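Trainee: I should be grateful for a close look at one part of this model, followed outward to whatever adjoins it. Please define each term as it arises.

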Amino acid sequence: RFFFINRMNFITQFGITKKLVDPKRGNTIQFNLLEQFNIKIGGESHYINFIKENVMKDNDVYLVIGLKSQVDRKTNKIKYCMTATKNRFLNCIDTSVKECDNNKMEQSKLLHTMFKSAIKNLMDSSKRNPNFILFYRKGGNYLENLKIAIDEKEVLINVIKDLENMLKNKENKNVKIPFYYLCCNLKCDLKFFEYTDNIGNKVYTNPKSGLVIDENVTQKNKFEFFIQPQCVNQGTATPCHYQVMCTYNHSEDIIKLEQLEKITFYLCYYYFTWSGAIREPGTLKMAETALDFSSKCLNENNSLNYFFTTPIYV
């Protein structure tokens, strides 16, 4: 791995032979590898029919983006990893990893470039402009999310406004693209349990997959919800806390809270290296994995301004 990645600048993947020939897990590991290879070379994997579920509008093109950032303590530079869908089925992904100086001006320039490039890749691939944009950002508690959103939301909305003006001049009609900026917190303090009374015995168990909480324990006048999409057989299940920190062109006629919850839940099945739901949307998990991979495996002496247009490295 060191030779191929650092000497040959060829990012690849290796499997241990002992695990591949394991009679119990070998078939599962080989299937997961094939799923990973398929998405890495730009192929399309399984998808969920959102239209049949009355979640997404027919023939609309949705752009789903996941973003994760990390500060390098040695160089004091910040690294961004962005994954973005590029077809209407949300099962073909582009990934970009870039770094810049850790100051607000440079971060805004880099984020503007990456977001604009993600939109362009979608339009080039699907031959259509996005009708809806969902932006998932790795975050923390409300104060941390608020600080992140203040620095990033203006940059993202300006890109969408530029796109709307371009489409207006090109098609000679007003085009509005709804945009939702969600911060995702995997380390929330709350846990939920199902209570059953089994012949006088109080039993608390993990909730079934697909638990959604959007009232009672959520803050008033806040656009937020909890989802626990994964199935947990051991230990306690921790839900994921989503907070909508910014919207653009939002109205109840375009999307309701229940629809946003359904879309977020289904996107947890879009991590193609796992046969089931994970705790967060697949694009966000891919961004985290790719950023971790680039930080650990790429040569530190080389610049990290790589642009992985296709394939994706996870």
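**The second largest cavity and its surroundings**

Mentor: The second largest cavity has a volume of about 40 Å³. A cavity is defined on a 1 Å grid over the protein atoms alone, as a set of points where a 1.4 Å probe fits but cannot get out, whereas a pocket is an open set with protein on both sides within 12 Å along at least five of seven lines; lining residues have an atom within 4 Å of a point. Grid points are joined across faces, edges and corners, and the volume is the space filled by probe spheres set on the points. Rolling a probe the size of a water molecule over the atoms shows where empty space is left.

The model is predicted: local features need pLDDT of at least 70 and side-chain atom pairs count only at pLDDT 80 or more, while totals for chains, interfaces and linings use all residues. Residues are numbered from 1 along each chain as its sequence is written, and side-chain values use heavy atoms, with hydrogens and water left out.

The count of cavities of 30 Å³ or more comes to two. The lining of the second largest one consists of Thr85, Leu90, Ile93, Leu267, Tyr270, Gly282, Thr283 and Met286. Helix H7 (residues 282–297) gives the largest share of this lining, three residues; helices (H or I, at least four residues) and strands (E, at least two) are DSSP runs, numbered from the N terminus. By class, the lining has five nonpolar, three polar and no charged residues. Here Ala, Val, Leu, Ile, Met, Phe, Trp, Tyr, Cys and Pro count as nonpolar, Asp, Glu, Lys and Arg as charged, and the others, Gly among them, as polar.

One of the lining residues is leucine 90, which is placed in the loop between S2 and S3. Leucine 90 counts as buried because its relative accessibility is 2%; buried means under 20% relative accessible area, exposed over 50%, and partly exposed in between (1.4 Å probe, protein chains only). Although leucine 90 is not a glycine, its phi is positive, at about 65 degrees.

Phenylalanine 89 also lies in the loop between S2 and S3, and its ring partner, tyrosine 47, lies 42 residues away in the loop between helix H3 (26–40) and S1, so the pair links distant parts of the chain. Their rings form a tilted aromatic pair, 4.5 Å centre to centre with 45 degrees between the planes. Rings of Phe, Tyr and Trp (its six-membered ring) pair if their centres lie within 6.5 Å; planes under 30 degrees apart count as stacked, over 60 as edge-to-face and the rest as tilted. Tyrosine 47 counts as partly exposed at 44% relative accessibility, and phenylalanine 89 as partly exposed at 30%. A further pair joins phenylalanine 265 and tyrosine 269: the ring centres are 5.5 Å apart and the planes stand at 85 degrees, so this pair is edge-to-face. Phenylalanine 265 is buried, at 17% relative accessible area, whereas tyrosine 269 is partly exposed, at 28%. By the ring rule, the count comes to 14 aromatic pairs.

Phe115, Phe135, Phe179 and Tyr181 form one aromatic cluster. Phe115 is among the buried residues of H4, which also include Leu110, Leu111, Met114 and Ile119. The buried residues of H4 pack against strands S1 (62–71), S2 (77–85), S3 (93–101), S4 (132–138) and S5 (179–185), and against helix H5 (142–171); contact means heavy atoms within 4.5 Å. The expected span of a helix is 1.5 Å times one less than its number of residues. The 23 residues of H4 (residues 104–126) should therefore span 33 Å, and the end C-alpha atoms are 33 Å apart, which agrees. Just after H4, lysine 127 takes a positive phi of about 60 degrees.

H4 also helps to line the second largest pocket, which holds about 330 Å³ of space. Of its 16 lining residues, Gln107, Arg137, Ile148, Asp151 and Glu152 lie nearest the centre. H5 supplies the largest share, five residues. This lining divides into five nonpolar, four polar and seven charged residues.
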